[in-house]
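Welcome to a short set of exercises with worked solutions. Keep the viewer open and try each task before reading on.

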Amino acid sequence: MGRSPCCEKAHTNKGAWTKEEDDLLISYIKSHGEGCWRSLPKAAGLLRCGKSCRLRWINYLRPDVKRGNFTEEEDELIIKLHSLLGNKWSLIAGRLPGRTDNEIKNYWNTHIKRKLLSHGLDPQTHRPIITNNHQQQQSLQIAIQKKADSVEDGHSSSGMSTDEETMRCPDLNLDLSISLPRPSSPKMEVIVASSQNICLCCNIGFRSSEGCGSCQIKSINPHVIR
């Protein structure tokens, strides 16, 4: 069995609220509190259903309702809370003082969702949107990595270590340098001093006149012994 309607739809006003209706609702709630929304319209003298009175009060007539545009801090907080809670607007509104769940939901659908899409983020998952080109690049990278892994496995299965492969194919030093021939070192010239033929008589202290007649001193600079 379904829930009974809160009021008779045929005898209620619809459409925009008038200033007189707002004043009646504000005056009654200030005097009696919110109470039961099903019985409030009749007690306040309003031809409105209880749901309409509740939404009018919560979203527009409450004294603590925050007016004006959302700030950047509120935008960031809404995005963070939505990434954690999803579309639970009542829970999100409970963490934004002065903002209603209906107001936050409308702001999300009209502003924040477009903001996330313009930054390349999915509004539901809050993750980057992957395009077809990006998927193709990822598939190509995976295929190249698998090919490289298979080649490495083939080398390792051959049973030859890296050192053995290096011994079979040693690195050749192909760095060649061309330079001019070094000049030959000049031969050391041996300077032979001309020997001086000095007579034995001169060495033992005889004068030149007292020496033997056959003694001849051949020298560039003859010595004179006194």
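**Exercise 1.** Is Trp89 buried or exposed?

*Solution.* Keep in mind that this is a predicted model. Start with the relative accessible area of Trp89, which is 11%. The cut-off for buried is under 20%. Trp89 therefore counts as buried.

Next, look for a ring partner. Trp89 pairs with Trp108 in a tilted arrangement, with 6.0 Å from centre to centre and 55° between the planes. Trp89 belongs to helix α5 and Trp108 to helix α6, so this pair links distant parts of the chain, 19 residues apart. Trp108 is buried too, with a relative accessible area of 1%.

**Exercise 2.** Find the other aromatic pair: which kind of pair do Phe70 and Tyr107 form?

*Solution.* Begin with the search of the whole structure, which finds 2 aromatic pairs. The rings of Phe70 and Tyr107 lie 4.1 Å apart, centre to centre, with 20° between their planes. Planes under 30 degrees apart count as stacked, and the pair is indeed a stacked one.

Now place the partners. Phe70 is in the loop between α3 and α4, while Tyr107 is in helix α6, so the pair ties together parts that are 37 residues apart in sequence. Phe70 is buried at 13% relative accessibility, and Tyr107 is buried at 14%.

Finally, check Phe70 for a charge. The charged end of Arg99 sits over the Phe70 ring, 4.0 Å from its centre. A similar search around Tyr60 turns up Arg56, which lies over the face of that ring at 5.0 Å from the ring centre.

**Exercise 3.** Which helices each supply at least two residues of the largest nonpolar core?

*Solution.* First list the members. The core has 13 residues, and those with the most contacts inside it are Ile78, Ile92, Leu96, Ile104, Trp108 and Ile112. Then assign them to helices: α4 (72-85), α5 (89-93) and α6 (101-118) each provide at least two residues of this core. The largest share, 5 residues, comes from α6.

To finish, look for a further core. Another one lies apart from it, with 11 residues, among them Leu40, Leu46, Cys53 and Trp57.

**Exercise 4.** Which residues does His82 contact, leaving aside its neighbours within four places in sequence?

*Solution.* Locate the residue: His82 lies in helix α4. Its relative accessible area is 2%, so His82 is buried. With the neighbours within four places left aside, His82 is in contact with Asn87, Trp89, Ile92, Trp108, Pro123, Gln124 and His126.

Now take the view from Trp108. Not counting residues up to four places away in sequence, Trp108 touches Ile78, Ile79, His82, Trp89, Lys113, Leu116, Pro123 and His126.

His126 deserves a step of its own. This residue is found in the loop between α6 and α7 (132-157). The phi angle of His126 is near 60°, a positive value in a residue other than glycine.

**Exercise 5.** Which residues of helix α3 are buried, and what do the buried residues pack against?

*Solution.* Walk along α3, residues 50-61: Gly50, Cys53, Arg56, Trp57, Asn59 and Leu61 are buried. Then look outward from them. The buried residues of α3 pack against α1 (19-32), α2 (40-44) and α6.

**Exercise 6.** How far is the sulfur of Cys53 from the nearest cysteine sulfur?

*Solution.* Start with burial. Cys49 is buried, with a relative accessible area of 14%. Cys53 also counts as buried, at 0% relative accessibility. Now take the distance: the nearest cysteine sulfur to that of Cys53 belongs to Cys49 and is 6.7 Å away. A disulfide needs the two sulfur atoms within 2.5 Å, so this distance fails the cut-off. Cys53 is in no disulfide, and the count comes to 0 disulfides.

**Exercise 7.** How many helices and strands does the chain have?

*Solution.* Count the elements: there are 9 helices and 0 strands. Then turn to the whole chain. Of its 226 residues, 20% count as buried. The accessible surface comes to about 18500 Å², and 54% of that belongs to carbon and sulfur atoms. Last, consider contacts with a separation of 6 or more: residues 24 or more positions apart account for 47% of them.

Definitions and conventions: Residues numbered from 1 in each chain as written. Predicted model: local features only at pLDDT ≥ 70, side-chain atom pairs only at ≥ 80, totals over all residues. Heavy atoms only, no water. Core = buried A, V, L, I, M, F, W, Y, C linked by side-chain atoms within 4.5 Å. Buried < 20%, exposed > 50% of the residue type's maximum accessible area, 1.4 Å probe, protein only. Helix = DSSP H or I, 4+ residues; strand = E, 2+ residues; numbered from the N terminus. Contact = heavy atoms within 4.5 Å. Phe/Tyr/Trp six-rings, centres within 6.5 Å; stacked < 30°, edge-to-face > 60°. Lys NZ or Arg CZ within 6 Å of the ring centre and 35° of its normal. Areas by Shrake-Rupley, 256 points an atom, 1.4 Å probe, with all protein chains shown as cover.
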